[in-house]
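Colleague: I would be grateful for a close look at a single residue of your choice. Please then carry the account on to the side-chain packing, the strands and the confidence of the coordinates.

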Amino acid sequence: MITNTYMNGLYAQDIPITELAFQNGEKVVYKVYYNWKFVWVPAGEVTFTSVEKDDHYELSVEGISYESYDSFFKVRDHYVSRANKKDLIPINFRRDILEGNYQRYDSLSFDQENHEVVEYFGKTKEKAKPFDFSLEAEVLDMVSSIYYMRSLPADIFDNNIDIDLSIFFDKELFDIHINNLGIENKKIKSIGKIKCIHLQPELISGYVFQEGDVMDVWVSTDNNRIPVQIESPISFGSVKVLLKSVENLKYPSELTGLYK
């Protein structure tokens, strides 16, 4: 049983990763819906992929809006995290995004042993400027944190333990609290009713989210721990993200019917 806690929950980075919840070649695709005048409109897709290298995993996320949605809100988001194969602590991270009129380039190089970060930050890669930061402990990035959470020991989720983790981006360290609401049966479109872990991360206020906003995430209870549905408010409405397809999962799963 895990008993150490940090602030309001278990501090994720204090828990060593002993077994990864994913493997080389895993691909998970989501369909994103935007709520417009009480109607859920298909807006785009997000694809997560993992590629195993010699000493690290390359974890990529690509979010692209459909052409039919581009005139309303064009999205071209690209994220890449290179995380140590042994413990999933990131080595470097790159974010290159376009969301409507908002554009951002953010590249991070981590010296986790010495708790230092070199960040190139700006509107575009060409305009990005370097910044140096000193931290107090190891940190995760926006992508590695998702795979890290998936790979935490099962007894954290089985015992409804809340989780805290630290993420660095946008020249700032963010402490994220994740409420663990326990196991529930959830009806998921195209999947049916399945047993899920219901997590509720507290969101960072700013460009997209408002103060006090939370995201609801339902995660499969098998050892893959795949998020199957996500619901979140945004500054101009709300979004729903539904699992569309999976490829090359590491463990057996009732999601196999969604194999592409």
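Modeller: Ile163 is buried, because its relative accessible area is 0%, and the cut-off for buried is under 20%. The model discussed here is a predicted one. Ile163 belongs to strand S10, which spans residues 163–169. Its C-alpha is 25 Å from the C-alpha of Phe133, and the two residues are 30 apart in sequence.

Strand S9, residues 129–134, offers another picture of burial: it is hardly covered, and the count of buried residues among its six residues is zero. S9 runs antiparallel to strand S8, residues 116–122, and six bridges join the two. Within this pairing, Val118 has Asp132 of S9 as its bridge partner. The connection from S8 to S9 is a hairpin through six residues.

Thr47, in strand S3, is also a buried residue, because its relative accessibility is 18%. Beyond four places in sequence, Thr47 touches Lys27, Val28 and Val29, together with Ser60, Val61 and Glu62.

The aromatic side chains may be taken next. A pair of aromatic rings is described by the distance of the centres and the angle of the planes. The structure holds nine aromatic pairs. One of them joins Phe22 and Tyr57, with 5.0 Å centre to centre and 75° between the planes, an edge-to-face arrangement. Phe22 lies in the loop between strand S1 (10–11) and strand S2 (27–36), whereas Tyr57 lies in strand S4 (residues 56–65), so the pair ties together parts that are 35 residues apart in sequence. Phe22 and Tyr57 are both buried. The pair formed by Tyr30 and Phe48 is edge-to-face because the ring planes stand at 80°, with the centres 5.8 Å apart; the cut-off for this class is over 60 degrees. Tyr30 is in strand S2 and Phe48 in strand S3 (residues 39–52), so this pair ties together parts that are 18 residues apart in sequence. Tyr30 and Phe48 are likewise both buried. Through ring pairs, Phe22 and Tyr57 are further linked with Tyr147 into a cluster.

Lysine side chains also meet aromatic rings. Lys186 lies over the face of Trp218, at 4.0 Å from the ring centre. The charged end of Lys240 sits over the ring of Trp40, 4.7 Å from its centre.

Two residues deserve attention for their backbone angles. Most residues other than glycine have a negative phi. Arg225, however, has a positive phi, near 45°. Arg225 is placed in the loop between strand S13 (216–220) and strand S14 (227–234), and it counts as buried because its relative accessibility is 9%. Asn248 also has a positive phi, near 60°. Asn248 follows strand S15 (237–247), in the segment after it, and counts as partly exposed because its relative accessibility is 35%.

Finally, the confidence of the prediction. The mean pLDDT of the protein is 89, and 90% of its residues reach 70 or more. Over residues 1–7, by contrast, pLDDT stays under 50, and the model has 14 contacts for these residues beyond four places in sequence. Where pLDDT is low, the predicted coordinates should not be read in detail.

Note on methods. Residues numbered from 1 in each chain as written. Heavy atoms only, no water. Phe/Tyr/Trp six-rings, centres within 6.5 Å; stacked < 30°, edge-to-face > 60°. Helix = DSSP H or I, 4+ residues; strand = E, 2+ residues; numbered from the N terminus. Buried < 20%, exposed > 50% of the residue type's maximum accessible area, 1.4 Å probe, protein only. Lys NZ or Arg CZ within 6 Å of the ring centre and 35° of its normal. pLDDT = per-residue confidence, 0-100. Contact = heavy atoms within 4.5 Å. Pairing = 2+ DSSP bridges.
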